[in-house]
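Here are some comments on the model you sent, set out as numbered points around one annotated site.

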Amino acid sequence: MNKLNDIQAIAFDLDGTLVDSVPGLALAAQRMLDDLSLPTVSNEQVKNWVGNGVDVLLERILKSVNGSESVFEHAKQLFNRHYDDVIDQGTQLFPHVISTLAYLKQNQYPMALVTNKPKQFLPALLKSLQLEPYFSLVLGGGDVIKLKPHPAPLYQVMATFGLYHDQLLFVGDSKNDICAAKNAQCKTVGLTYGYNYGESITESHPDYVFDDFKDILTLLPSPKAEPKK
(Lines give C-alpha, C1' and ligand atoms only; values in the text may rest on other atoms or scores of the structure.)
Protein backbone atom coordinates (compact mmCIF):
# COMPACT_ATOMS: atom_id res chain seq x y z
CA MET A 1 0.00 0.00 0.00
CA ASN A 2 1.32 3.43 -0.94
CA LYS A 3 2.05 5.72 1.98
CA LEU A 4 0.34 9.11 2.17
CA ASN A 5 3.54 11.10 2.58
CA ASP A 6 1.88 14.49 2.09
CA ILE A 7 -0.63 14.13 4.92
CA GLN A 8 -0.02 16.76 7.60
CA ALA A 9 -3.20 16.40 9.70
CA ILE A 10 -6.14 14.05 10.21
CA ALA A 11 -9.81 14.80 10.82
CA PHE A 12 -12.28 12.31 12.26
CA ASP A 13 -16.00 11.83 12.41
CA LEU A 14 -17.33 10.92 15.88
CA ASP A 15 -20.43 8.68 15.92
CA GLY A 16 -19.76 5.35 14.26
CA THR A 17 -16.06 6.19 13.80
CA LEU A 18 -14.60 6.83 17.25
CA VAL A 19 -17.59 5.93 19.39
CA ASP A 20 -20.61 3.65 19.41
CA SER A 21 -23.29 6.15 20.39
CA VAL A 22 -26.38 4.23 19.26
CA PRO A 23 -27.32 2.88 22.73
CA GLY A 24 -27.51 6.37 24.20
CA LEU A 25 -29.27 7.91 21.20
CA ALA A 26 -31.80 5.07 21.11
CA LEU A 27 -32.50 5.24 24.84
CA ALA A 28 -33.04 9.01 24.68
CA ALA A 29 -35.36 8.54 21.71
CA GLN A 30 -37.30 5.77 23.45
CA ARG A 31 -37.79 7.90 26.56
CA MET A 32 -38.87 10.83 24.41
CA LEU A 33 -41.46 8.71 22.60
CA ASP A 34 -42.74 7.35 25.90
CA ASP A 35 -43.20 10.91 27.16
CA LEU A 36 -45.19 11.68 24.01
CA SER A 37 -47.28 8.48 24.34
CA LEU A 38 -46.03 7.35 20.93
CA PRO A 39 -44.86 3.87 19.82
CA THR A 40 -41.19 3.08 20.42
CA VAL A 41 -38.29 2.42 18.02
CA SER A 42 -35.50 -0.15 18.18
CA ASN A 43 -31.75 0.40 18.52
CA GLU A 44 -31.28 -1.05 15.03
CA GLN A 45 -33.69 1.48 13.55
CA VAL A 46 -31.87 4.35 15.25
CA LYS A 47 -28.53 3.01 13.99
CA ASN A 48 -29.78 3.30 10.42
CA TRP A 49 -30.99 6.89 10.96
CA VAL A 50 -27.85 8.38 12.56
CA GLY A 51 -25.57 10.69 10.62
CA ASN A 52 -27.33 13.89 9.56
CA GLY A 53 -27.63 15.62 12.93
CA VAL A 54 -30.25 15.48 15.66
CA ASP A 55 -32.99 17.35 13.78
CA VAL A 56 -32.97 14.88 10.91
CA LEU A 57 -32.72 11.93 13.32
CA LEU A 58 -35.82 13.15 15.18
CA GLU A 59 -37.68 13.76 11.93
CA ARG A 60 -37.00 10.16 10.91
CA ILE A 61 -38.05 8.82 14.30
CA LEU A 62 -41.30 10.79 14.40
CA LYS A 63 -42.15 9.84 10.82
CA SER A 64 -41.61 6.15 11.61
CA VAL A 65 -44.20 6.27 14.43
CA ASN A 66 -46.62 8.59 12.61
CA GLY A 67 -45.87 11.43 15.01
CA SER A 68 -47.28 14.83 14.09
CA GLU A 69 -44.87 17.47 12.77
CA SER A 70 -46.43 19.86 15.28
CA VAL A 71 -44.75 18.05 18.20
CA PHE A 72 -41.25 18.38 16.77
CA GLU A 73 -39.99 21.24 18.95
CA HIS A 74 -41.37 19.65 22.12
CA ALA A 75 -39.92 16.29 21.06
CA LYS A 76 -36.52 17.88 20.54
CA GLN A 77 -36.56 19.42 24.01
CA LEU A 78 -37.45 16.05 25.52
CA PHE A 79 -34.79 14.24 23.50
CA ASN A 80 -32.06 16.71 24.47
CA ARG A 81 -32.95 16.40 28.17
CA HIS A 82 -32.93 12.61 28.08
CA TYR A 83 -29.74 12.46 25.99
CA ASP A 84 -27.98 14.66 28.53
CA ASP A 85 -28.94 12.10 31.19
CA VAL A 86 -27.77 8.98 29.32
CA ILE A 87 -24.98 10.16 27.04
CA ASP A 88 -22.17 8.89 29.29
CA GLN A 89 -23.37 5.35 29.86
CA GLY A 90 -24.79 5.12 26.34
CA THR A 91 -21.57 5.90 24.47
CA GLN A 92 -18.48 3.67 24.23
CA LEU A 93 -15.22 3.87 22.34
CA PHE A 94 -14.59 1.45 19.51
CA PRO A 95 -11.49 -0.80 19.81
CA HIS A 96 -8.02 0.74 19.38
CA VAL A 97 -9.26 4.33 19.26
CA ILE A 98 -7.28 5.71 22.20
CA SER A 99 -4.03 3.88 21.35
CA THR A 100 -4.22 5.07 17.73
CA LEU A 101 -4.95 8.68 18.64
CA ALA A 102 -2.16 8.60 21.21
CA TYR A 103 0.25 7.37 18.55
CA LEU A 104 -0.80 10.13 16.14
CA LYS A 105 -0.41 12.80 18.81
CA GLN A 106 2.98 11.39 19.78
CA ASN A 107 4.01 11.75 16.15
CA GLN A 108 2.76 15.35 16.06
CA TYR A 109 -0.19 15.01 13.70
CA PRO A 110 -2.72 17.79 14.41
CA MET A 111 -6.18 16.24 14.74
CA ALA A 112 -9.67 17.65 14.31
CA LEU A 113 -13.06 16.25 15.24
CA VAL A 114 -15.78 16.97 12.68
CA THR A 115 -19.25 15.80 13.68
CA ASN A 116 -22.88 16.66 12.98
CA LYS A 117 -23.68 16.02 16.67
CA PRO A 118 -24.87 19.27 18.31
CA LYS A 119 -21.97 21.12 19.85
CA GLN A 120 -23.59 21.38 23.30
CA PHE A 121 -23.11 17.65 23.87
CA LEU A 122 -19.44 17.53 22.92
CA PRO A 123 -17.39 18.98 25.82
CA ALA A 124 -18.77 16.68 28.52
CA LEU A 125 -18.78 13.66 26.20
CA LEU A 126 -15.17 14.12 25.09
CA LYS A 127 -14.09 14.57 28.69
CA SER A 128 -15.97 11.47 29.82
CA LEU A 129 -14.40 9.34 27.07
CA GLN A 130 -10.93 10.84 27.65
CA LEU A 131 -10.78 12.09 24.06
CA GLU A 132 -10.23 15.75 25.01
CA PRO A 133 -6.41 15.76 24.83
CA TYR A 134 -6.20 14.57 21.24
CA PHE A 135 -8.11 17.23 19.31
CA SER A 136 -6.87 20.77 18.76
CA LEU A 137 -10.05 21.58 16.83
CA VAL A 138 -13.60 20.35 17.52
CA LEU A 139 -16.45 21.23 15.15
CA GLY A 140 -20.00 20.17 15.95
CA GLY A 141 -23.47 21.08 14.75
CA GLY A 142 -23.80 24.84 15.21
CA ASP A 143 -20.08 25.56 14.74
CA VAL A 144 -20.28 25.66 10.94
CA ILE A 145 -22.80 27.06 8.49
CA LYS A 146 -23.42 23.67 6.86
CA LEU A 147 -23.26 20.09 8.16
CA LYS A 148 -21.69 17.13 6.38
CA PRO A 149 -22.08 16.09 3.55
CA HIS A 150 -21.36 19.74 2.76
CA PRO A 151 -17.57 20.30 2.66
CA ALA A 152 -17.75 23.48 4.79
CA PRO A 153 -16.50 21.80 8.01
CA LEU A 154 -13.44 20.41 6.21
CA TYR A 155 -12.70 23.77 4.62
CA GLN A 156 -12.72 25.19 8.14
CA VAL A 157 -10.29 22.49 9.30
CA MET A 158 -7.92 23.25 6.43
CA ALA A 159 -8.12 27.00 7.07
CA THR A 160 -7.47 26.55 10.80
CA PHE A 161 -4.51 24.21 10.28
CA GLY A 162 -3.16 26.10 7.25
CA LEU A 163 -3.36 23.11 4.89
CA TYR A 164 -4.01 22.34 1.26
CA HIS A 165 -6.64 19.72 0.47
CA ASP A 166 -4.07 17.04 -0.28
CA GLN A 167 -2.54 17.47 3.20
CA LEU A 168 -5.68 16.47 5.14
CA LEU A 169 -6.96 12.91 5.62
CA PHE A 170 -10.58 12.44 6.72
CA VAL A 171 -11.72 9.29 8.51
CA GLY A 172 -15.41 8.42 8.75
CA ASP A 173 -18.00 5.67 8.58
CA SER A 174 -20.83 7.03 6.44
CA LYS A 175 -21.57 8.34 2.99
CA ASN A 176 -21.96 11.83 4.50
CA ASP A 177 -18.33 11.69 5.65
CA ILE A 178 -17.00 10.40 2.34
CA CYS A 179 -19.07 12.87 0.31
CA ALA A 180 -17.92 15.83 2.44
CA ALA A 181 -14.26 14.82 2.06
CA LYS A 182 -14.55 14.19 -1.67
CA ASN A 183 -16.22 17.58 -2.15
CA ALA A 184 -13.30 19.13 -0.27
CA GLN A 185 -10.88 17.05 -2.38
CA CYS A 186 -9.37 15.34 0.67
CA LYS A 187 -8.23 11.73 0.90
CA THR A 188 -10.78 9.53 2.60
CA VAL A 189 -10.88 6.45 4.84
CA GLY A 190 -14.15 4.59 5.22
CA LEU A 191 -14.63 2.31 8.24
CA THR A 192 -16.86 -0.72 7.81
CA TYR A 193 -18.10 -1.11 11.40
CA GLY A 194 -20.01 2.15 11.76
CA TYR A 195 -23.38 3.58 10.79
CA ASN A 196 -24.20 4.05 7.13
CA TYR A 197 -27.97 3.74 6.76
CA GLY A 198 -27.67 -0.02 6.32
CA GLU A 199 -25.39 0.35 3.30
CA SER A 200 -21.81 -0.86 2.83
CA ILE A 201 -19.32 2.00 3.06
CA THR A 202 -17.66 0.66 -0.10
CA GLU A 203 -20.65 1.95 -2.08
CA SER A 204 -19.44 5.50 -1.30
CA HIS A 205 -16.03 4.74 -2.84
CA PRO A 206 -13.64 6.06 -0.18
CA ASP A 207 -9.98 6.00 -1.12
CA TYR A 208 -9.31 3.37 1.56
CA VAL A 209 -11.56 0.97 3.47
CA PHE A 210 -10.62 -0.59 6.82
CA ASP A 211 -12.33 -2.91 9.30
CA ASP A 212 -10.21 -1.78 12.27
CA PHE A 213 -9.57 1.79 13.39
CA LYS A 214 -5.87 1.20 13.96
CA ASP A 215 -5.34 0.25 10.32
CA ILE A 216 -5.31 3.92 9.34
CA LEU A 217 -1.73 3.93 10.64
CA THR A 218 -0.70 1.74 7.70
CA LEU A 219 -1.26 4.74 5.41
CA LEU A 220 1.24 6.98 7.16
CA PRO A 221 5.03 7.20 6.74
CA SER A 222 7.41 5.32 9.01
CA PRO A 223 6.79 6.32 12.62
CA LYS A 224 8.88 8.71 14.63
CA ALA A 225 7.62 6.83 17.69
CA GLU A 226 6.32 3.29 18.05
CA PRO A 227 2.56 2.84 18.59
CA LYS A 228 1.50 1.74 22.05
CA LYS A 229 0.26 -1.84 22.38
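1. In what follows, a residue is called buried when its relative accessible area is under 20% and exposed when that area is over 50%, with partly exposed in between. Please keep in mind throughout that this is a predicted model.

2. The unreviewed UniProt entry lists D13, D15 and D173 under "binding site". These residues span 161 residues in sequence, yet no two of their C-alpha atoms are more than 8.3 Å apart, so they gather at one spot. The lining of the largest cavity includes D13, D15 and D173.

3. D13 lies in the loop that runs between β1 (9-12) and β2 (19-20). Its relative accessible area is 5%, and because the cut-off for buried is under 20%, D13 counts as buried.

4. As for the surroundings of D13, and not counting residues up to four places away in sequence, D13 touches L18, L113, V114, T115, K148, F170, V171, G172, D173 and D177. In addition, the side chain of D13 makes a polar contact with the side chain of T17, at 3.0 Å.

5. D15 is likewise found in the loop between β1 and β2, and with a relative accessible area of 10% D15 is buried. Once its neighbours within four places in sequence are left aside, D15 is in contact with S21, L25, V50, K117, D173 and Y195.

6. Which residue of the annotated site is in contact with D15, leaving aside neighbours within four places in sequence? That residue is D173, which D13 touches as well.

Terms used. Residues numbered from 1 in each chain as written. Predicted model: local features only at pLDDT ≥ 70, side-chain atom pairs only at ≥ 80, totals over all residues. Heavy atoms only, no water. UniProt positions renumbered as here; feature names shortened; annotations may be inferred. 1 Å grid on protein atoms, 1.4 Å probe; cavity = no way out; pocket = protein on both sides within 12 Å on 5 of 7 lines; lining within 4 Å. Helix = DSSP H or I, 4+ residues; strand = E, 2+ residues; numbered from the N terminus. Buried < 20%, exposed > 50% of the residue type's maximum accessible area, 1.4 Å probe, protein only. Contact = heavy atoms within 4.5 Å. Polar contact = N/O pair within 3.5 Å; in protein donor to acceptor, adjacent residues only side chain to side chain.
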